[in-house]
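Visitor: I should be grateful for a close look at one part of this protein, namely its cysteines. Please also place that part in its wider setting.

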Amino acid sequence: MISRHHLKCPGCEQVFVARLGVEPTRGTRFYLPCPLCRLPIHGSMSNQITIDAEMLSGQDAELDGVPVVTINPFVPSLYEADSFAPTGAFPTMTLVQILGDDTFLEFKSARDQALDDGRDLWPPVRMLFQYYLQGNAEMFTRTAKKLFELKQEPSTSHQRTSIAYQALAIATTRIMGSTGTRGRQAFSLFATKHTAAIDRTMEHLRVFRERGQTSADLERDLFTELDRFVQQHESWEMGLLGRFVDEEKKAAFEELVLFRDEFSTVSGLYQQGFELACKCLWLLVAAQNTVERGSPDDFGDVHPEITIVPVNKRPTTLKKFDGLSNAQKIAYVAQVPGWESFAVLLNNRRRNAIGHATAHHDLQTGRVVSDKDPAGMTYLEFLGETFGVFEALSTLAQALRTSRVAASPDFGLPE
Ligand SMILES: [Zn+2]
């Protein structure tokens, strides 16, 4: 719905009408530029709407003929739109016009489903995973029985690990939806390679066990980060939209602005998530190395371009791989056919732009820019990148499961 507010700019004192899109929210920060002096006026919305400007009563005579602007923190909107403009009058109509009826309905249904699952499915899954991390088997089992129809109670450590990660996979998959996802295919390729690697040599399993035993911190950090993403789901979920927009329609979105004022929150999620995802990439290269060359440490003679990984940086063991930069790790993974998608989900060029000390959300243009990347990207594209990092984290969490299950105290180390 749209609510109308008669506002007086606290700077130039221009009076104007703001048509503000409203949706149920746990808390949203937004901004609206003054139509005369372009001062960004900040506001927030939860149960009530607060705007840092004087609100005038609707009957005032000075309201005749004042400018009208449209602001929507939930749907990309056209700022100049007034009630009479054919495009952009209602932000959702703008989306229908750009996407077409069918795609719009698919998008809307995927988005509503994801928001519902973030609100309703995540809390019990989080509880289950917390009991798993605490090692509280009794409460874990009680919670798991409420969530799933278990054929039998998990009685061993590795069974609890499997169930905990399965619940995590179900929740994160539903929050991502199925359109434009890349992680699922990448994970199934990993699963195939991992199985083949174990078949080829016990050395692979030994490395996965040893590393799995020291991965308890990584596991906790991954879960904590996924939880932070879902707690803040409302702030980045519109990144989903980019997955429904094909190339020729991308230009239309350059004109629209998503008036959210949450850059610091979302860029924090993005950067921390990016770092963590890169810490998990060893799982993939280890499987690849064993399948191709019989040892998880053997990188052979297959390396990314010298400009990315100089000859003297080429790793000869997984331990040395751990010491590479994020860009170098991503390059090793993305050179494997079928895993190119990791270079898309974890776009290092964008990571440098977003993580740069001067990166900020320019409220005049609605773009995220930095000294390094003055053209930057739209805020919507920035949310798309954040969405990609969430997908990478969710996918790599499932790869970590194989290592954590293998490291369970239920199994001895292979001879
Ligand atoms: Zn003003």
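**The cysteines and their surroundings**

Guide: The structure contains 0 disulfides. C278 takes part in no disulfide, and the nearest cysteine sulfur, which belongs to C280, lies 8.9 Å away. A disulfide is a covalent bond between the sulfur atoms of two cysteines. To count as one here, a pair of cysteine sulfur atoms must be within 2.5 Å. Seen from C280, the closest cysteine sulfur is that of C278, and the 8.9 Å separating them is too far for a bond. It should be kept in mind that this is a predicted model.

Both residues can also be judged by their exposure. A residue is called buried when its relative accessible area is under 20%. C278 has a relative accessible area of 1%, so C278 is buried. For C280 the value is 0%, and C280 is therefore buried as well.

Further along the chain comes helix α12, which covers residues 282–293. With 12 residues at 1.5 Å a residue, α12 should span 16 Å; its end C-alpha atoms are indeed 16 Å apart, so the expected and computed spans agree. The helix is mostly covered, with 9 of its 12 residues buried. Among these buried residues are W282, L283, L284 and V285, and the list also includes Q288, N289 and T290. After α12 comes G294, whose phi is positive, near 85 degrees.

Burial may be examined in a charged residue too. R111, an arginine and thus counted as positive, is found in helix α2, which comprises residues 101–120. Its relative accessibility is 8%, which is why R111 counts as buried. Leaving aside residues up to four places away in sequence, R111 touches E23, F74, E237, M238 and L240.

The wider setting may now be described. The protein has 415 residues, of which 52% count as buried. It holds 17 helices and 10 strands, and its C-alpha trace spans about 85 × 55 × 35 Å along the principal axes. Among contacts with a separation of 6 or more, 68% are made by residues 24 or more positions apart. The accessible surface comes to about 18700 Å², and carbon and sulfur atoms account for 50% of that surface. Finally, the protein carries 43 positive and 52 negative charges, and the mean positions of the two sets are 6 Å apart.

Key: Residues numbered from 1 in each chain as written. Predicted model: local features only at pLDDT ≥ 70, side-chain atom pairs only at ≥ 80, totals over all residues. Heavy atoms only, no water. Helix = DSSP H or I, 4+ residues; strand = E, 2+ residues; numbered from the N terminus. Buried < 20%, exposed > 50% of the residue type's maximum accessible area, 1.4 Å probe, protein only. Contact = heavy atoms within 4.5 Å. Areas by Shrake-Rupley, 256 points an atom, 1.4 Å probe, with all protein chains shown as cover. Charge placed at Lys NZ, Arg CZ, Asp CG, Glu CD. Expected span 1.5 Å × (residues − 1).
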